[in-house]
Amino acid sequence: MGRAARAGGRPEGCGLSDILAGQPADEAALAEIYDLEHDAIVEDFAFYREMARRQGGAVIDLGCGSGRLFESFLAGGAERIVGVDGSAALLERAEARIGVHPALAKARADGRIELVEADVRGVARKDRFALAVLSGVIAHLDGPEDAVRALTAARRLLDRGGVVIVDTLGPGGLPPHDLPLSVDWEKQAGDRRIVRRSRLVRNEVPEGLRVAYSTLTDVVRADGTISRLPASFRLWYPSAAALAALAEEAGLEVEAVLGSHDLDPLDTDSDRCIVVARPAT
Ligand SMILES: C[S@@+](CC[C@H](N)C(=O)[O-])C[C@H]1O[C@@H](n2cnc3c(N)ncnc32)[C@H](O)[C@@H]1O
């Protein structure tokens with residue numbers, strides 16, 4: 001699921017709203033590993049800060065995980081941030097992140113940050129937002145129907161002038177072939193050594209690329225004992241054209257399709273596919 005794995009040709013990103021539930025390994029442990037992986041991603045911070053600045057108003061982060069992007073929204077002047085995720089374990093980590101970051105903690109104390117456990121495919125609220133973000137989330141949905149549900153829900157959350165950003169892997173970031181079980185990374189976390197292995201199997205389908213992604217994470221403690229955390233995810237990567245068509249089906253008008261967080265246009269080498277859309281008039 002990890003975007004951090006992108007550089008190594010591994011994907012990001014199940015049809016479930018809690019991607020950690022139902023895994024054979026402990027959810028809290030998987031959430032910790034998730035943070036180890038995802039906190040390394042910072043290259044999109046300036047993009048999200050500037051989008052929050054450009055839009056002004058409130059931001060809803062749909063599939064916020066552990067709140068990696070909250071700091072960027074706040075730095076961009078977001079009046080309020082609502083983080084929605086299906087995973088209670090990841091939302092707990094978001095709470096912890098807020099607690100140790102002074103500006104986020106203050107915003108939370110002032111009632112400007114709210115965390116909500118919900119399914120992005122059906123989230124509905126009374127308040128409205130200038131910016132709705134689906135970053136790294138589409139891949140976890142079960143395919144086009146679920147994507148339209150999530151995009152429709154996002155559209156309904158927007159205020160007048162509001163924008164939805166859908167951020168997923170671009171054509172250059174997709175795994176070009178199956179990958180056998182191999183080591184992705186090793187990291188030291190305190191006195192524990194974490195070793196992540198994964199394998200993936202691709203399946204090209206009319207609606208994009210489906211990937212069966214299995215990870216095996218070993219936590220090696222100082223005394224030599226090992227906890228092995230297995231997990232598997234079904235991921236889905238629509239093509240840019242398919243994603244734009246789904247956005248239109250959800251009542252959105254596509255304003256731009258970008259290939260990077262530096263605003264490069266999308267091409268066949270682009271690592272990212274970022275769709276910026278507004279409610280159709
Ligand atoms: C790859 S992570 C991205 C997290 C964050 N947006 C970021 O960019 O760092 C995908 C997130 O989507 C959440 N998710 C996946 N499907 C969901 C659903 N149907 N409803 C709510 N959250 C979902 C997962 O729990 C996970 O936190």
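The expected span of a helix is 1.5 Å times one less than its number of residues. Helices (H or I, at least four residues) and strands (E, at least two) are DSSP runs, numbered from the N terminus. This is a predicted model: local features need pLDDT of at least 70, side-chain atom pairs count only at pLDDT 80 or more, and totals for chains, interfaces and linings use all residues. Residue numbers start from 1 along each chain as its sequence is written.

**Exercise 1. Helix α4**

Compare the reach of helix α4 with its expected span, then list its buried residues and what covers them.

Solution.
- Step 1. Helix α4 covers residues 88-100, 13 residues. From first C-alpha to last it reaches 19 Å, close to the expected 18 Å.
- Step 2. A residue is buried if 20 or more other C-beta atoms lie within 10 Å of its own, exposed if 12 or fewer, and partly exposed in between; C-beta atoms are placed from the backbone. In α4 the buried residues are A89, L90, L91, R93, A94 and I98.
- Step 3. Their cover includes α1, β2 (81-85), α5 (102-109) and β3 (113-117).

**Exercise 2. The seven-strand sheet**

Give the strand order of the seven-strand sheet and find its edges.

Solution.
- Step 1. Strands pair if DSSP finds at least two bridges between them. The order is β3-β2-β1-β4-β5-β11-β10, in an open sheet with mixed pairing.
- Step 2. β3 and β10 each have a single partner strand, so one side of each has no neighbour in the sheet.
- Step 3. Neighbouring strands are turned by 20° against each other on average, direction ignored. Axes are lines fitted to C-alpha atoms, for helices over the stretch in contact, and angles run from 0 to 180 degrees between N-to-C directions.
- Step 4. Look inside the sheet: β4 (residues 129-135) and β5 (residues 158-169) run parallel, joined by six bridges. L134 stands opposite V166 in β5.
- Step 5. Add the helix. α4 packs on this sheet, touching β2 and β3, and its direction makes about 165° with that of β3. Contact means C-beta atoms, placed from the backbone, within 7 Å.

**Exercise 3. The four-strand sheet**

Trace the sheet from β6 to β9, with its hairpins and its packed helix.

Solution.
- Step 1. The order is β6-β7-β8-β9, open and antiparallel. β6 (179-189) and β9 (226-237) are the edge strands, each pairing on one side only.
- Step 2. The twist averages 20° from one strand to the next.
- Step 3. Helix α1 (residues 27-38) packs on this sheet and touches β6, β7 (192-205), β8 and β9. Its direction is at about 65° to that of β9.
- Step 4. β7 and β8 form a hairpin with two residues between them, and 13 bridges join them. V205 has G208 as its bridge partner in β8.
- Step 5. The β8-β9 hairpin has five residues between its strands, and G224 in the turn has a positive phi of about 90°. Twelve bridges join these two strands.
- Step 6. Place P230. It lies in β9, and L216 stands opposite. Their C-alpha atoms are separated by 4.5 Å, though the residues are 14 apart along the chain. P230 is partly exposed because 13 other C-beta atoms lie within 10 Å.

**Exercise 4. L263**

Where is L263, and is this residue buried or exposed?

Solution.
- Step 1. L263 sits in the loop between β10 (252-258) and β11 (272-279).
- Step 2. L263 is exposed, because 12 other C-beta atoms lie within 10 Å.
- Step 3. Check phi: L263 has a positive value of about 75°, although it is not a glycine. Most residues other than glycine have a negative phi.

Technical notes
Two residues are in contact if their C-beta atoms, placed from the backbone, lie within 7 Å.
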